[in-house]
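This report walks through a single protein model with its bound ligands, beginning at the binding sites and moving outward to selected residues of the chain.

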Amino acid sequence: MDTELQNVISRFPQIKGIKHIQPIQSGLINRTYRVITDGTDDYILQRINHHVFTDVDLLQHNIECVTKHIRAKLLERGEQDVERKVLRFLSTPEGKTYHFDGTHYWRACVYIRGSHTQTEVTPDTAYLAGLKFGEFESMLADLPEKLDETIPGFHNMEYRMDQLREAVQEDKAGRRTEVQELVDEIERDADEMSRAERLYREGELPKRICHCDTKVSNMLFDAYGKVLCIIDLDTVMPSFVFSDFGDFLRTAACTAPEDEPDTTRVHFNLDIFRAFAKGYLESAMSFLTPLEIEMLPYAARLFPYMQAVRFLTDYLNGDSYYQTQYAEHNYVRTLAQYRLYQEASKAEPEMCEFIKTQINADFHK
Ligand code: GN1
Ligand code: MG
């Protein structure tokens, strides 16, 4: 067994009787392992990418506040099996929920028994996800602590455009010529896609505590297909609700993987949109403002657009942020996301129509 990992694990005394440490493929940012023990509980060990999450103290503070608050809410409403419905992070002897080994930051949480993740999304799972992420936001609406952004400007479209412009200027990896045409195209929609930021400054749109990485793979399901728990809490921070709504659809309503090389296979699945929007509105309608609701179709366009900008920025910077498997990977991802943005834009009238029918249905209840 890897001695570095064993040393780290020894800083979390709750973990005993290690049988096996298994790397898990999860996400593009952190490194994750499942620690299998001979006791009742297994654990998830993660090496936090501190180049991305530069303030680990703040990161873990947010996560502690959020999990504590959700646990209290679940208990208060008499929920059964609470330990499988919210993550529990382990403490070190110093009372922290992370350990710094001199180079890397590590944290551990209890592995939720009998859970699995899914990557496929059906209208049924999309509906459940909508309900769950709406409920997640609603449970955090009265969080007493103030949460700061774990990644400053994370879903701020104006900031992401500034980063792209800077990357184009610097052209660190010598890739500008290849992508210039696409950059020009992206620029044409930059103002329109930064609308939320302007509305926020004008006091028209609120920010709320959001998950900000609402992929279906960030939900744990039980053996019967019921959603147990929301995971990957690194990006829980104040944001527009569009973050949760739009980012889910970016992966779930896309008919191809986010790095699909054949962009003709990339389409926006309106059935998934409808199912997700229905679930989301059911649990979030009570606290959303009319403008937030009206702009949900905009969110479905914003997120593939923003992700295209982020992948392209990283491509221009020489792939320093996202893990890549081959040289053009970030560019391939960019093109797939941009295509999805175009496809979602085409579907906007139908999305608006659907949102209207949902509001009317609610009004007549
Ligand atoms: C990153 O690592 P993962 O898959 O949880 C990124 C998301 C992107 C996503 C694209 C902290 O998420 O914002 O949407 O890659 N997370 C961070 O696949 O940048
Ligand atoms: Mg993530």
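What follows describes the ligand sites, and then a few positions in helices and loops.

The model is a predicted one. Around ligand 1 there is a shell of 17 residues, and the closest of them are Leu28, Asp213, Glu258, Gln307 and Tyr321. By character, the shell around ligand 1 comprises eight nonpolar, three polar and six charged residues. Helix 10, which covers residues 296-316, supplies the largest share of this shell, namely three residues. Three side chains place an N or O atom at the distances below from an oxygen atom of ligand 1.

| Side chain | Distance from an N or O atom to an oxygen atom of ligand 1 |
|---|---|
| Asp213 | 2.8 Å |
| Glu258 | 2.6 Å |
| Gln307 | 2.7 Å |

On its own, ligand 1 has 440 Å² of accessible area, of which the protein covers 95%.

Asp213 also takes part in the second site, where the magnesium ion, ligand 2, is coordinated by OD atoms of Asp213 and Asp232 at 1.9 to 2.1 Å. These two residues are 19 residues apart and link distant parts of the chain, with Asp213 in the loop between strand 6 (208-210) and strand 7 (219-221), and Asp232 in the loop between strand 8 (227-230) and strand 9 (237-239). How far is each of the two exposed? Asp213 has a relative accessibility of 14% and therefore counts as buried, while Asp232, at 26%, counts as partly exposed.

The loop between strand 6 and strand 7 also holds Cys212, a residue other than glycine whose phi is positive, near 70 degrees. Most residues other than glycine have a negative phi. Cys212 counts as buried because its relative accessibility is 1%, which falls under the 20% cut-off. A positive phi, near 45 degrees, is found at Asp171 too, again in a residue other than glycine. Asp171 lies in the loop between helix 4 (157-170) and helix 5 (176-193), and with a relative accessibility of 18% it counts as buried.

Turning to the helices, Lys132 has its place in helix 3, residues 123-139. What does Lys132 contact, once its neighbours within four places in sequence are left aside? The residues in contact with Lys132 are Met219, Val227, Leu228 and Ile230. The relative accessible area of Lys132 is 18%, so this lysine is buried.

Leu140 is located in the loop between helix 3 and helix 4, and it is buried, with a relative accessible area of 2%. Not counting residues up to four places away in sequence, Leu140 touches Val66, His69, Ile70, Ile209 and Val236. Between Leu140 and Asn360 the separation is 220 residues in sequence and 27 Å in space, taken from C-alpha to C-alpha.

Helix 7 (residues 242-252) is largely enclosed by the rest of the structure, because ten of its eleven residues are buried. The buried residues of helix 7 include the aromatic Phe242, Phe245 and Phe248, the charged Asp244, Asp247 and Arg250, and also Ser243, Gly246, Leu249 and Ala252.

Conventions. Residues numbered from 1 in each chain as written. Chains lettered and ligands numbered in written order. Predicted model: local features only at pLDDT ≥ 70, side-chain atom pairs only at ≥ 80, totals over all residues. Heavy atoms only, no water. Near = heavy atom within 4 Å. Polar contact = N/O pair within 3.5 Å; in protein donor to acceptor, adjacent residues only side chain to side chain. Areas by Shrake-Rupley, 256 points an atom, 1.4 Å probe, with all protein chains shown as cover. Helix = DSSP H or I, 4+ residues; strand = E, 2+ residues; numbered from the N terminus. Donors = N, O, S within 2.8 Å, 3.2 Å for Na, K, Ca; no water. Buried < 20%, exposed > 50% of the residue type's maximum accessible area, 1.4 Å probe, protein only. Contact = heavy atoms within 4.5 Å.
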